[in-house]
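User: Please take a close look at a single part of this model. Then set that part against the chain as a whole.

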Amino acid sequence: MSRQRPPRRPTGSKTSRRLWLGFGTLTGLLVLLGLAILTRSLSIEAQIDGISQARNLSAAARQLEVNTLGYSLAVREYAQNRDPRARQDAVRQAAGVERRLQDYRRYASTDRQRVLAARLEPSWGRLRALGRELLDADSAGAPVPPAPSAEFYARRVTLERLLDEEVQAEAVEAYNQRRYVALSDLRTIAIFSLVLLGIGVLLAVATGVVVSRGILRGERELWTSRERLRVTLASIGDAVITTDTRGRVSYLNAVAEALTGWDSDQAAGRPLEEVFRIIDEDERQPVESPATRALREGVIVGLANHTLLITRDGLERPIDDSAAPIHGEHGEVLGVVLIFRDVTERREAEKNLKQAHDRRNAAFEAALDCIISTDHEDTIIEFNAAAERTFGYRREQVLGRPLGEVMIPPAYRERHRKGVAHYLATGEGPILDQRLELSALRADGSEFPVELTVTRIPLEGAPVFTAYLRDITEHKRAQAALAESEARWRGIFERLHEGFVLGEIVHDRTGTPVDWRYLEMNASWEQITGLSREASQGRTLNEVVPGVEPEWVAEFADVAATGQPANFLRHVAALDRWYEVHAFRPEPNRFAALFLEVTDRQKAQTRLRESETRLRFVLDSMPQKIFTATPDGTIDYFNPQWSEFTGLSQEQILGWGWTQFVHPDDADETMRRWRHAVDSEESLLQEHRFRRADGQYRWHVSRGRPMRDEAGRVVMWVGSNTDIEQQKQTAQELRQLAAALSETDRRKNEFLAVLAHELRNPLAPIRNALEILRMAGGDADAVASMYGVMDRQVGQMVRLVDDLLDVSRISRGKIELRRERVDLRAIIEQVVDTARPAIDAVGHALTVTLPPQPVHLQADPVRLAQVFGNLLSNARKYTEPGGQIAIVAECDAAEAVVTVTDSGVGIAADMLLHVFGMFTQVDQSVERSQGGLGIGLTLVQRLVELHGGTVQAHSEGPGQGSEFVVRLPV
């Protein structure tokens with residue numbers, strides 16, 4: 001921290017004026033010596049000015065040393081603590097050093113002094129550069145370099161030695177020399193006056209000496225008083241600011257400088273409101289400085305609270321401040337002194353105290369336990385919310401009332417009163433700081449158990465007690481229930497069929513478990529082990545059963561160490577017994593275990609495993625697919641044939657994994673029937689499909705039967721799965737063949753009926769014609785007419801027989817085509833000419849569209865005419881009178897296309913696939929009315945295919961007409 005610049009010592013001008021006043025009384029008497037005395041006086045004044053200058057030089061050197069030391073200390077403090085205030089102090093001290101150097105250069109009058117000034121500047125410059133380097137390095141967060149720090153210290157010592165040993169010594173020597181010269185001049189004046197003027201001069205000299213010494217003594221005393229005041233103000237802990245009568249700052253001590261941020265020299269002469277800015281802490285508005293009021297009213301203004309000081313750099317500090325006027329010798333106000341202090345820490349302490357008080361109140365009200373405080377007279381002074389809930393009183397109902405009357409049952413009140421009186425008399429309280437269980441009294445008069453602890457609050461004066469109570473009604477009930485449960489458990493413990501052991505693990509010196517000690521066993525343990533509880537209690541396992549298997553120790557040690565329960569099966573060779581053990585950890589380093597002797601079961605299981613091994617070998621060796629299942633239907637075994645068939649591992653298909661290779665369409669039914677068999681315990685017989693490893697589904701017949709024990713309970717399921725894919729395919733082929741034969745037989749019967757009808761129709765007219773011929777005798781017209789009838793009917797029969805023969809030849813491959821180069825247009829025109837009379841007879845409109853150029857084919861013209869004739873005949877027969885029939889021929893480079901369409905009855909969708917079948921008739925009623933055997937379209941298809949072409953039928957459905965498309969290669 002900076003030191004204040006001391007006030008200057010008295011200057012020579014003031015002393016000379018006082019000397020002249022002293023010597024003025026002699027001027028009248030020493031007229032003759034006036035000129036000589038004036039001359040020497042002027043010389044003395046010059047020397048005194050030199051003394052003043054030497055004193056100023058000494059003061060500048062001393063202050064320079066102080067500021068240099070302050071700068072060094074501030075740099076070191078900032079390097080150690082990184083305190084921003086230390087950095088500001090270092091900057092301020094450096095500025096002070098610069099000012100003192102300027103003062104020293106100004107006061108240096110001798111060559112020696114100017115040389116010293118020249119030496120001081122580079123030394124100070126290097127020291128300041130090193131200080132800046134340390135300040136900058138530390139402010140950047142970097143570690144302080146050791147080399148600049150050491151050099152800084154060395155430079156500081158060198159500069160201090162220069163200031164102390166040379167500069168200060170030179171200033172003192174100059175002062176002494178000036179003083180010696182001045183005194184010499186005075187002595188010269190005295191001697192000269194004695195020689196020249198005798199007694200007058202002697203009187204003048206004596207008067208001058210006395211006056212000058214008195215003046216110098218007074219100035220020294222004034223300087224000493226000022227220095228004492230400066231040191232006193234700098235050393236006190238409060239900040240001090242003084243002002244003149246106009247309210248302008250005249251002085252700041254070091255504390256005031258630190259709190260306001262103003263240097264004393266910078267603040268000097270400034271209005272107090274500029275240096276000492278304060279606002280109200282709550283309202284944030286400027287408030288009047290107490291110094292202003294003290295200056296205005298001339299009274300002392302006491303401490304002001306809740307005031308914030310705004311520092312020069314804008315920081316806010318809470319302060320307490322007061323002010324008092326400075327009175328002169330005659331009571332006039334010469335200025336004001338303002339005293340204030342930083343109360344940040346006190347405010348923080350008050351805040352923390354309030355927060356602690358608030359937390360204490362919150363904890364007091366939120367506590368689950370009852371908290372009741374009483375004074376030394378047993379009067380209740382605190383009663384928290386938990387106490388209200390527990391005792392049924394409101395707080396205002398009990399405060400101020402005796403504790404004994406409110407909540408202590410009558411039977412215990414006298415004892416309570418005597419206990420309080422005894423403590424107050426002797427200071428002995430046997431129940432203090434003890435946990436007790438007593439009875440308490442609720443507001444409704446009911447008693448209940450409480451757990452109580454009473455403590456004395458460490459306060460001065462009369463004792464205060466706080467009781468912490470907890471309602472333990474439920475705890476008591478729980479204890480009673482626990483005791484009852486423990487008694488019940490002890491009964492169960494002794495009646496357990498399983499043996500029970502509580503043991504403790506024994507470790508060796510390295511901490512390795514090596515044994516365990518019996519702590520407690522039940523009666524069943526004796527029965528299943530054949531050992532004695534009394535003989536085993538407290539002994540180790542190896543002491544009770546020498547040579548026991550080490551696994552017994554390892555298993556229980558692991559349970560006691562990890563806390564993980566364990567179930568295991570172990571054999572004790574020394575006892576030749578098998579035990580099933582369930583172990584758990586009741587507390588660290590201990591275990592509890594239930595023992596069940598399973599020697600007979602284990603032997604039976606051994607025999608069963610051997611039997612199962614033999615059975616498994618047999619099943620694995622069978623070529624048939626075999627499975628077994630648990631009583632709940634979970635598959636637990638598939639023989640290897642299953643993995644070979646499915647390509648899946650045993651792990652993938654065991655359990656319910658087998659459902660993945662069942663056909664999706666069969667999965668639900670398979671699961672339903674398997675569940676039904678398991679639930680009803682009935683045998684299973686089902687056909688379904690399983691997926692083979694190559695992805696193909698094959699039919700299997702699955703059989704499963706339950707295996708029962710002597711009591712009739714199902715213990716397992718055994719089943720087989722037989723591949724019947726070949727049988728299924730054979731049966732399917734037989735069914736298809738039977739259906740085809742049945743359909744063929746049906747069509748054959750229909751055909752025979754139609755054939756009989758078609759053959760009988762021509763025979764009736766022929767028979768009638770013969771009868772008419774017999775009766776007609778020689779009637780030529782009648783004979784001719786009958787011949788015509790008979791010729792037509794015979795022609796019809798011939799056509800029927802020809803069609804039958806053609807179908808037979810085509811079916812047997814006996815027909816031969818007489819191919820030649822023909823024109824398709826000519827064949828169609830011939831067919832149209834032949835069919836037109838019949839078409840016109842029923843009123844159909846026939847449209848023929850042929851290409852303009854010839855269409856040449858290598859074909860049998862008779863057979864092609866037969867094809868198109870049959871199609872036109874069908875169109876005529878299956879179209880109602882007045883219908884539309886069209887035949888269109890087209891040709892491209894590859895084929896010729898002939899389309900025959902009609903607006904007739906149409907063809908159902910299910911008949912389109914069979915329309916070209918033998919003996920197929922779309923509408924039998926029409927067919928029979930129009931004639932025909934149902935083989936015309938069969939002939940069309942066979943003849944077109946013999947020519948290397950195709951024929952297709954299309955229809956939108958019944959009543960929508962039909963379309964037949966014949967494609968022939970060109």
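Analyst: Helices (H or I, at least four residues) and strands (E, at least two) are DSSP runs, numbered from the N terminus. Residue numbers start from 1 along each chain as its sequence is written, and side-chain values use heavy atoms, with hydrogens and water left out. The model is predicted, so local features need pLDDT of at least 70 and side-chain atom pairs count only at pLDDT 80 or more, while totals for chains, interfaces and linings use all residues.

The part chosen is helix H20, which covers residues 551-562. H20 has twelve residues. At 1.5 Å a residue, taken times one less than the number of residues, H20 should span 16 Å. Its end C-alpha atoms are 16 Å apart, so expectation and model agree.

Which residues of H20 are buried (under 20% relative accessible area; exposed is over 50%, partly exposed in between; 1.4 Å probe, protein chains only)? They are Trp552, Val553, Phe556, Ala557, Val559 and Ala560. Seen down the axis of H20, these buried residues fall within an arc of 160°, so they line one face of the helix. The arc is taken from the directions from the helix axis to the C-beta atoms. An α-helix has 3.6 residues a turn, so residues three or four places apart point the same way.

What does that face meet? The buried residues of H20 pack (contact: heavy atoms within 4.5 Å) against strands on both sides of the helix in sequence. E12 (499-507) and E13 (513-521) come before H20, as does helix H19 (541-544). E14 (566-572), E15 (577-584) and E16 (590-597) come after H20. Straight after the helix sits Gly563, with a positive phi near 80°.

Two of those partners, E15 and E16, are joined by a loop that holds Asn589. Phi of Asn589 is near 65°, a positive value in a residue other than glycine. Asn589 is partly exposed, with a relative accessible area of 28%.

Asp378 also has a positive phi, near 70°, and is likewise not a glycine. Its place is the loop between strand E7 (370-374) and strand E8 (380-383). Asp378 is buried, at a relative accessible area of 11%.

Another loop gives an exposed case. Arg435 lies between helix H15 (410-426) and strand E9 (436-441). Its relative accessible area is 65%, so it counts as exposed. Beyond its neighbours within four places in sequence, Arg435 is in contact with Glu451, Leu452 and Thr453. Arg435 and Leu452 are 17 residues apart in sequence, yet 5.7 Å apart in space, C-alpha to C-alpha.

Now a charged side chain in a helix. Asp103 lies in helix H3 (residues 84-107). Asp103 is buried, with a relative accessible area of 17%. A polar contact (here N or O atoms within 3.5 Å, one able to donate a hydrogen and the other to accept it) of 2.8 Å joins the side chains of Asp103 and Arg106.

Last, the whole chain. It has 30 helices and 28 strands. Of its 970 residues, 38% count as buried. Of the contacts between residues at least 6 apart in sequence, 55% join residues at least 24 apart. The chain exposes about 54100 Å² (Shrake-Rupley, 1.4 Å probe), and carbon and sulfur atoms supply 54% of that area. There are zero disulfides (cysteine sulfur atoms within 2.5 Å) in the structure. Cysteine settings vary: Cys370 is buried at 2% relative accessible area, whereas Cys891 is partly exposed at 39%.
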